[in-house]
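Visitor: I should like to learn how to read the model shown below. Please begin with the way its copies are arranged.

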There are 2 protein chains.
Amino acid sequence: MSQPVLLFDVIETLFSLQPLRDRMAEEGLGEPYADLFFAQLLRDAFALSATGVFHPFPAIAAGTLKVVLSSAGKAADAPQVKRLLSSFSELPAHPDVAPALAQARSAGVKIILLTNGSADNTRQLVAREGLSALVDGIVSIDEHSVWKPQPTLYQAVCKQFNTPQAETTVIAAHAWDVHGARQAGLRAVWVERQDHYFHELMSAPSGEARTLPEAVSMALIRSGRH
Amino acid sequence: MSQPVLLFDVIETLFSLQPLRDRMAEEGLGEPYADLFFAQLLRDAFALSATGVFHPFPAIAAGTLKVVLSSAGKAADAPQVKRLLSSFSELPAHPDVAPALAQARSAGVKIILLTNGSADNTRQLVAREGLSALVDGIVSIDEHSVWKPQPTLYQAVCKQFNTPQAETTVIAAHAWDVHGARQAGLRAVWVERQDHYFHELMSAPSGEARTLPEAVSMALIRSGRH
């Protein structure tokens with residue numbers, strides 16, 4: 001039997017967007033402007049994907065942020081955009097991340113982070129939080145030039161780690177990520193973070209968890225490691 | 001020479017989301033919650049599209065609205081969702097729409113509305129504003145089961161109206177719509193509405209206009225009808 005693999009989503013699932021919220025609030029853009037920016041960024045990335053055009057997260061984020069700032073009547077010059085985007089290098093881990101990863105480590109599963117962000121930035125976030133020893137690998141969409149939730153990406157990652165799709169579990173706070181994974185034939189556990197309702201048209205998750213350790217437990221039960 | 005065709009985007013380009021903003025504000029969800037909802041709705045639709053799954057606008061909107069309301073700690077029951085979504089049947093035309101359509105009509109071009117929304121709802125919005133005589137046709141993505149900005153949709157619509165892609169112009173307030181049209185080989189004029197900056201990674205428009213009549217003029221000049 002091959003070693004089961006858990007594929008953790010990164011932004012929002014493991015790391016909080018709070019620093020982005022704080023910096024946008026300093027500009028007079030209170031909640032939910034950070035959420036608006038992040039939703040538009042994904043909308044724009046998915047629109048580009050629909051036409052077969054790939055650009056990495058930081059480039060799309062810069063463009064979308066200029067749109068959001070301009071529409072809100074704020075300065076959207078290069079230093080301003082750089083200052084706000086630098087918050088992505090300071091995202092703190094949610095408090096339940098270290099226990100959840102430790103639990104997965106104890107169970108002997110492979111822990112892979114699969115992110116729409118960049119691998120370098122993710123590596124730095126993991127290191128800042130002292131989590132490096134708990135992570136077996138970081139895969140960015142940049143390696144495959146395909147954004148989640150395109151099914152080919154999840155399939156390519158399973159191939160990369162030589163793990164059967166039906167034995168591999170995505171853990172994510174986003175319904176669209178769960179949907180993509182399920183459509184690609186993987187398991188997927190949804191963890192309740194910023195959202196409290198799972199979009200009824202997205203493919204249902206294999207499990208719904210209130211916390212990350214609970215999500216890991218669900219993934220382990222299903223992989224027969226619990 | 002075939003009659004040139006202008007394909008007008010509908011929501012935001014022709015009709016304002018103000019009634020949605022007003023109703024959300026009555027629930028204590030001030031700006032930019034309507035924009036957040038609309039961005040997430042498109043993000044969700046594009047994510048579903050990425051996996052080859054099609055659902056029409058009203059169904060996706062209902063699910064996304066429940067997510068947004070729940071996350072904001074508001075009631076997301078059926079009557080509430082219905083009440084908010086009913087604002088889509090009350091969107092008023094922007095003040096420059098009637099003059100722009102009249103101008104296009106005088107120039108003898110074919111005026112088609114191409115919407116991610118439903119054809120019925122669009123027909124009602126057009127009739128409420130007394131614009132029916134200025135519109136030659138309404139095409140919803142439902143007819144083709146493909147959301148904008150997938151290039152195949154724009155191509156299918158050109159085929160439907162027997163118009164060469166390079167002689168057909170999309171007029172839209174959304175950069176992602178312009179991008180899709182350009183990727184499909186059409187012309188596209190971007191009209192500045194809610195956005196004041198064109199996302200630098202989206203395919204550049206054939207023209208950028210401050211108002212809808214200006215957008216129509218640009219489209220006519222390029223089609224040799226001006």
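**Reading the pair of chains**

Guide: Chain B is superposed on chain A by a rotation of 180° with 0.0 Å of shift along the axis, at an RMSD of 0.0 Å; the fit is by least squares on the C-alpha atoms of residues with pLDDT of at least 70 in both copies. That is the relation of a two-fold axis. In chain B, the C-alpha nearest this axis belongs to Arg43(B), 2.1 Å from it. The same surface serves both copies, as 100% of the contact residues of chain B recur in chain A (contact: heavy atoms within 4.5 Å).

This is a predicted model, in which local features need pLDDT of at least 70 and side-chain atom pairs count only at pLDDT 80 or more, while totals for chains, interfaces and linings use all residues. Residues are numbered from 1 along each chain as its sequence is written, chains are lettered from A and ligands numbered from 1 in the order written, and side-chain values use heavy atoms, without hydrogens and water.

Visitor: What radius of gyration does chain A have, and what would a compact globule have?

Guide: The radius is taken over C-alpha atoms, and the globule rule is 2.2 Å times the number of residues to the power 0.38. For 226 residues the rule gives a value near 17 Å, and chain A agrees with it at 17 Å. The C-alpha trace of chain A spans about 55 × 35 × 30 Å along its principal axes.

Visitor: What percentage of chain A counts as buried?

Guide: Buried means under 20% relative accessible area (1.4 Å probe, protein chains only). In chain A, 59% of the 226 residues count as buried.

Technical notes:
Buried < 20%, exposed > 50% of the residue type's maximum accessible area, 1.4 Å probe, protein only.
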